[in-house]
Every structure is written in structure tokens, then in C-alpha cells.
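The following exercises are to be worked with the sequence and the three-dimensional structure at hand. Each task is followed by a solution that proceeds step by step.

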Amino acid sequence: MLSVLIETKNDEERLARTLATLIGGVVEGLIRDVIVCDNGSSDQTHRIADQTGCNYVTEGGIAAGIRAAKGDWLLIIEPGARLADGWMNAVIDHIGALPGPARFSPARATRQPLLRRVFSKNRPLADGLLITKRQALALSAKAENAQAMARGLSRRRLPAEIWVAQSA
């Protein structure tokens, strides 16, 4: 039903934290596969992906990961992001009712003050991206990475929180 894609570069510790929050989705059968799209890591990112049963893609970037995904829906998140309790129900409800892209609500503890948000570097994937595989394939043809793919994309806000990854 759902494939999770995580684009990495030297993110072994952050990747492990993110993968830990996905275990419930795997156990419940919501997540079909997790694909780590690596952009030239020199740390142990590949080992974390291998030990946790993820598919590990080293060439072709996010577009290759999207093509390899088994699910009809994709959840694209940054390494280090952690999904809060209740995320599975929000995703299931969205998939069942609405065909458009969606994102999570940032957890209160990770929300930055207004001025910092206005003047900081925009990370379109900070809140994650839930999107159909068909839509993602079309967007990835014109984008060099997942952040570029999500930039400017209008997304509905899900009633579930994400602990936003700290900037690397």
C-alpha cells in the first residue's frame, strides 16, 4: 500500500531514528517497503539500511527510488524526522479519501518562531510528503532531488505530527 523513501548522504544516525518510528507501519502492513536513496555516503548509512531490511539505491537518486517503490502511495521523509503517534490513521484516512499530496503538521516542540521560519532556508520536505506514485514519477522527471520535487507543491495538512529533522 505505502512505500517510504528517504534520501540520504552521511545520515546513519538520523536514518536509524527515522526508521524506528516506521516499525508500527511495517507490523500493521501499511508499509510495503522502505527505500533509502543514497547520494554518496561515506559513513555506515548502507549498513543501517541493510540491517533494517531497506532497499538501498545508490544510483539514479529519488527518481530511481520512486521507480523501485512497490506501493501506490509514497511517503517521502527526511532522515532524522520522526513520525508521532497517530500517523498511520491519518495516512490511511487520506489515502482512502483524497488523491492529492499531503504533509504532516510539525510537532509543537519542533516549530520555530515566526521570524526564524520566514528568514530560514526553506526545506519543502521538513513536514514530509505523502503523494501517489504516479504524481511522484511525473514530478521526479524534472527534479534533481526530493527537496526540489516537493518545492512549490500544494499539499493538504494531515492531522498527525512529525518531529522535524534538525538541519544537517
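**Exercise 1. A charged pair**

Are Arg 14 and Asp 11 buried or exposed? Determine also how their side chains are related.

Solution. The model is a predicted one.
Step 1. Arg 14 is buried, and Asp 11 is buried as well.
Step 2. Side chains of opposite charge can pair when their charged atoms come close.
Step 3. The distance to examine runs from N to O, and for the side chains of Arg 14 and Asp 11 it is 3.1 Å. A salt bridge requires such a distance to lie within 4 Å, and the two side chains do meet in a salt bridge.

**Exercise 2. The salt-bridge network**

State how many salt bridges the structure holds, and identify the residues that are linked in a network.

Solution.
Step 1. The count for the structure is three salt bridges.
Step 2. Arg 103 forms a salt bridge with Asp 127, with 3.7 Å between the closest N and O atoms. This pair links distant parts of the chain: Arg 103 belongs to strand E6 (residues 102–106), while Asp 127 lies in the loop between helix H6 (114–119) and strand E7 (129–132), 24 residues apart.
Step 3. Arg 157 also forms a salt bridge with Asp 127, and here the closest N and O atoms are 3.3 Å apart. Again distant parts of the chain are linked, since Arg 157 is in strand E8 (residues 156–163) and the pair is 30 residues apart.
Step 4. Arg 103, Asp 127 and Arg 157 are therefore linked in a network of salt bridges.
Step 5. The burial of the members can now be assigned. Asp 127 has a relative accessible area of 12% and is therefore buried. Arg 103, at 25%, is partly exposed, and Arg 157, at 35% relative accessibility, also counts as partly exposed.

**Exercise 3. A buried acid without a salt bridge**

Which side chain of opposite charge is nearest to Asp 38, and how far away is it? Describe the surroundings of Asp 38 as well.

Solution.
Step 1. Asp 38 is found in strand E2, which covers residues 31–38.
Step 2. The nearest side chain of opposite charge is that of Lys 9, 8.4 Å away. Because a salt bridge needs a distance within 4 Å, Lys 9 does not qualify, and Asp 38 is buried yet has no salt bridge.
Step 3. Polar partners are considered next. The side chain of Asp 38 makes a polar contact with the side chain of Ser 41 at 2.4 Å, and another with the side chain of Tyr 56 at 3.1 Å.
Step 4. Not counting residues up to four places away in sequence, Asp 38 touches Thr 8, Lys 9, Thr 45, Tyr 56, Val 57 and Thr 58. Tyr 56 thus appears both in this list and as a polar partner.

**Exercise 4. A backbone angle**

What is the sign of phi at Asn 10, and where does the residue lie?

Solution.
Step 1. Most residues other than glycine have a negative phi.
Step 2. Phi of Asn 10 is near 55 degrees, a positive value in a residue other than glycine.
Step 3. Asn 10 is placed in the loop between strand E1 (2–8) and helix H1 (12–20). With 35% relative accessibility, Asn 10 counts as partly exposed.

**Exercise 5. Surroundings of a buried isoleucine**

Which residues are in contact with Ile 77, leaving aside its neighbours within four places in sequence?

Solution.
Step 1. Ile 77 lies in strand E4 (residues 73–77), and its relative accessible area of 2% makes it buried.
Step 2. The residues in contact with Ile 77 are Val 4, Leu 5, Ile 6, Glu 7, Thr 18, Leu 22, Gly 128 and Ile 162.

**Exercise 6. The chain as a whole**

How does the radius of gyration of the chain agree with that of a compact globule?

Solution.
Step 1. For 168 residues, a compact globule would have a radius of gyration near 15 Å; the chain has 15 Å, which agrees.
Step 2. The C-alpha atoms fill a box of roughly 40 × 35 × 30 Å along the principal axes.
Step 3. The chain has eight helices and eight strands, and buried residues make up 49% of its 168 residues.
Step 4. Of the contacts between residues at least 6 apart in sequence, 81% join residues at least 24 apart.
Step 5. The accessible surface comes to about 8,900 Å², and 49% of this belongs to carbon and sulfur atoms.

Definitions and conventions:
Residues are numbered from 1 along each chain as its sequence is written. This is a predicted model: local features need pLDDT of at least 70, side-chain atom pairs count only at pLDDT 80 or more; totals for chains, interfaces and linings use all residues. Side-chain values use heavy atoms; hydrogens and water are left out. Helices (H or I, at least four residues) and strands (E, at least two) are DSSP runs, numbered from the N terminus. Buried means under 20% relative accessible area, exposed over 50%, partly exposed in between (1.4 Å probe, protein chains only). Lys and Arg count as positive and Asp and Glu as negative; His and the chain ends are not counted. A polar contact is a pair of N or O atoms within 3.5 Å; within protein, one must be able to donate a hydrogen and the other to accept it, and residues adjacent in sequence count only if both atoms are side-chain atoms. Contact means heavy atoms within 4.5 Å. The radius of gyration is taken over C-alpha atoms; the globule rule is 2.2 Å times the number of residues to the power 0.38. Accessible areas come from the Shrake-Rupley method with a 1.4 Å probe; for residues, only the protein chains shown count as cover.
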